[in-house]
Amino acid sequence: MGRFVIKRLAGMVAVLFAISVIVFLIFNVIPGADPAQRMAGKNATPQLVAAIEEEWGFDEPLPAQYVKTMGLIFSGDLISYSTQLEVDEQIVEGIPATLSLSVGAAVLWLFFGVLFGYLSATRGGRLTDRMLTGFAVLGISIPSFVLAATVLYYLTYKIELFPASEYVPLTEDPLDWAYHLILPWITLAILYVGIYSRVLRSNMRDVMNEDHVRTARAKGLPERQVRVRHVLRNSLIPVVTLFGLDFGAVIAGQALLVETVFSLHGVGQYALESIAKLDLPPIMAVSMYGAFFVVLFNTVVDIAYAGLDPRVRVREGAR
Amino acid sequence: MEGRSPWYFAYRRLRSNRVAITALALFAAIVVFVLAAPLWADWVAETGPNETHTVEKIEVGGETREVVEVDGTPIGPVWLGAGGKFFLGADGRLGRDEMVRLMYGGRTTLLIGIGSALISVGLAVLLALLAGYHRGWVDTVISRALDLLWAFPVLLLAIALGSSLAVGGLDLGPISISGGSLWVPILVISLVYTTYIARPLRGEVLALREREFVEAAIAGGAGPLRVMFGELLPNLWSKIIVFFPLAAAFNMLLESALSFVGAGVQPPNSSWGTMISAGFQLLYTAPLLTILPGAMITLTALSLNLLGDALRDALDPKSKVELEAHTGSFEPEGEVL
């Protein structure tokens with residue numbers, strides 16, 4: 001296990017470094033125009049551009065530039081030149097909203113995904129299977145922000161069923177926090193429920209035919225216990241893997257879009273406002289931190305997973 | 001039974017799949033819809049996608065109405081009330097014809113989706129063939145690069161590239177692209193999506209490479225190009241055909257997300273994504289401006305995803321490339337960097 005963890009961590013450090021290089025290349029090196037000019041934003045004075053050129057080291061060789069840029073990002077000194085606000089501060093302010101949305105939605109989609117998957121595997125026939133498949137395909141075909149805008153219009157404006165959003169901090173009023181987040185949670189979760197139920201259903205169908213399940217039945221365990229302890233538990237492994245990958249991707253993807261539509265003032269909305277002004281420093285920081293978060297999260301999931309399932313360690317160790 | 005090619009059987013399976021036929025018909029209808037844009041614009045609506053009608057009035061069933069009211073509210077759908085003009089109403093303060101814009105915007109979205117799918121599939125096949133054929137260090141370099149792109153969240157990478165290139169354009173030797181060009185979203189999307197096709201294809205090529213017919217070809221004196229394109233590629237076609245509609249669907253959705261946040265299609269071009277983005281500003285006064293382009297994207301992606309699913313069932317029943325692969329977490333064989 002120790003060796004696996006060390007190997008995995010070393011791999012993670014390599015990926016983090018490579019990601020930082022990619023971000024550096026994307027923002028500082030590849031594009032056609034003068035980098036200092038681009039960083040400065042639309043209405044920059046020549047003095048500002050000159051100052052940026054100095055601070056970011058755009059006249060120095062690339063490795064030195066890289067070091068200076070990373071220094072700026074990770075010391076928290078990065079500022080947006082159009083708004084004069086500190087980028088890190090703005091991002092940190094947005095994290096609670098983005099995280100609340102993602103975690104809540106994840107709980108919902110796991111719960112209902114497992115519930116529907118279990119029910120359709122044990123009780124459902126062709127029809128439920130088709131419905132789940134249809135639901136899953138729809139989930140990957142509808143843009144999250146379109147769904148969000150549609151429910152926002154119909155459920156908070158047409159019928160005033162939910163509050164027009166805005167984020168209420170959890171520490172301020174937990175009930176109001178949840179009340180304001182219910183609609184965003186459902187919107188985000190609904191995209192994934194179909195997919196998860198379908199995965200669980202097909203896994204359960206496979207596991208049901210395995211020998212150990214027959215043995216469990218043969219020794220007289222009640223059917224319910226066979227289904228939950230022997231079938232469901234073993235079928236959850238792929239769902240957990242999938243979740244480990246999706247959760248990070250959702251935080252750094254769909255959540256940013258949905259959160260913006262419901263104006264929860266999270267990281268995504270900050271990024272989006274910056275993109276609208278083509279204000280590059282915040283976009284740079286958000287992409288970097290987002291990618292870092294996903295890589296870190298995936299590493300943690302992998303290690304936890306290897307702790308739970310020895311087969312993973314062996315397979316990975318052999319490589 | 002007579003000797004029939006596997007393609008024939010795949011075709012028969014596809015033809016008897018009602019979902020596949022419906023999906024194909026839906027997609028064909030959408031293509032006809034966007035191709036008919038100039039016809040509708042010239043003959044029915046008598047206006048272009050970017051022509052403004054801010055202070056004009058139209059006759060709807062004998063009653064005169066303003067295209068844009070004084071408070072800036074655009075006219076809603078009038079259907080055929082004005083002889084096809086403003087069929088779906090106007091698009092906002094500028095009073096452009098929503099139906100015409102929807103048809104022209106769809107052209108951009110379909111162009112980007114299909115164009116970037118072509119590029120990413122082509123690039124992925126090339127990388128997979130190179131990595132799988134040469135193995136060794138070539139494979140290591142290519143797979144590490146793909147793993148890296150895979151580890152980067154799709155939307156963030158696309159936003160980073162899209163917004164950076166939108167500001168400065170691209171200037172790489174002979175290739176020079178301005179920031180507002182449609183090539184920017186096409187290239188960005190094809191680049192970020194390539195890894196999701198190349199990784200499973202590479203595994204496939206590696207497996208094929210071990211087979212006797214490849215050894216036989218090499219023993220018979222075939223060079224690398226002959227083996228890659230003459231022996232290995234024909235065995236990949238069924239997978240490629242399955243990937244293509246799925247890639248096009250995913251890429252259209254990515255285009256709409258990018259354009260929605262402002263890092264995709266740049267003005268004066270417009271796509272369904274930019275239309276949603278603009279419509280969203282008027283969500284409470286004219287919700288259709290968000291819902292209509294959104295519904296068009298959903299229908300298009302839905303038809304392509306269903307088609308891809310059906311193609312997989314027909315061509316490649318044993319394939320492991322599953323629907324869930326599209327949630328952004330394509331993990332073909334439990335491979336982790």
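Here is a short tour of a predicted model, starting with chain B and ending at a pair of helices in chain A.

**Stop 1: chain B.** Select the whole chain and colour it by secondary structure: you should find twelve helices and four strands. Its C-alpha atoms fill a box of roughly 80 × 55 × 35 Å along the principal axes. Of the 337 residues here, 50% are buried. Now think about contacts within chain B between residues with a separation of 6 or more: 69% of these join residues 24 or more positions apart.

**Stop 2: where A touches B.** Bring chain A back into view. The contact draws 50 residues from chain A and 50 residues from chain B. On the chain A side, try selecting helix H1 (2-29), helix H6 (126-141), helix H7 (144-158), helix H8 (174-208) and helix H12 (267-276), then add H10 and H13; each of these gives two or more residues to the side that touches chain B. Colour that side by residue class and you get 39 nonpolar, seven polar and four charged residues.

**Stop 3: H10 and H13 of chain A.** Hide everything but residues 223-251 (H10) and 280-308 (H13) of chain A. How do the two helices run relative to each other? Their axes come within 9 Å and cross at roughly 165 degrees; with angles over 145 degrees counted that way, H10(A) and H13(A) are therefore roughly antiparallel. The crossing of H10(A) and H13(A) is right-handed.

Show side chains next. From H10(A), the contact uses A:Gly244, A:Leu245, A:Phe247, A:Gly248, A:Ala249 and A:Ile251. Facing them from H13(A) are A:Phe293, A:Val294, A:Phe297, A:Asn298, A:Val301 and A:Tyr305. By class, this contact has nine nonpolar, three polar and no charged residues.

How values were computed:
Residues are numbered from 1 along each chain as its sequence is written. Chains are lettered from A and ligands numbered from 1 in the order in which they are written. This is a predicted model: local features need pLDDT of at least 70, side-chain atom pairs count only at pLDDT 80 or more; totals for chains, interfaces and linings use all residues. Axes are lines fitted to C-alpha atoms, for helices over the stretch in contact, and angles run from 0 to 180 degrees between N-to-C directions. Angles under 35 degrees count as roughly parallel, over 145 as roughly antiparallel, 65 to 115 as roughly perpendicular and the rest as oblique. A crossing is left-handed if the near helix is turned anticlockwise from the far one by less than a right angle, and right-handed if clockwise. Two residues are in contact if their C-beta atoms, placed from the backbone, lie within 7 Å. Ala, Val, Leu, Ile, Met, Phe, Trp, Tyr, Cys and Pro count as nonpolar, Asp, Glu, Lys and Arg as charged, and the others, Gly among them, as polar. A residue is buried if 20 or more other C-beta atoms lie within 10 Å of its own, exposed if 12 or fewer, and partly exposed in between; C-beta atoms are placed from the backbone.
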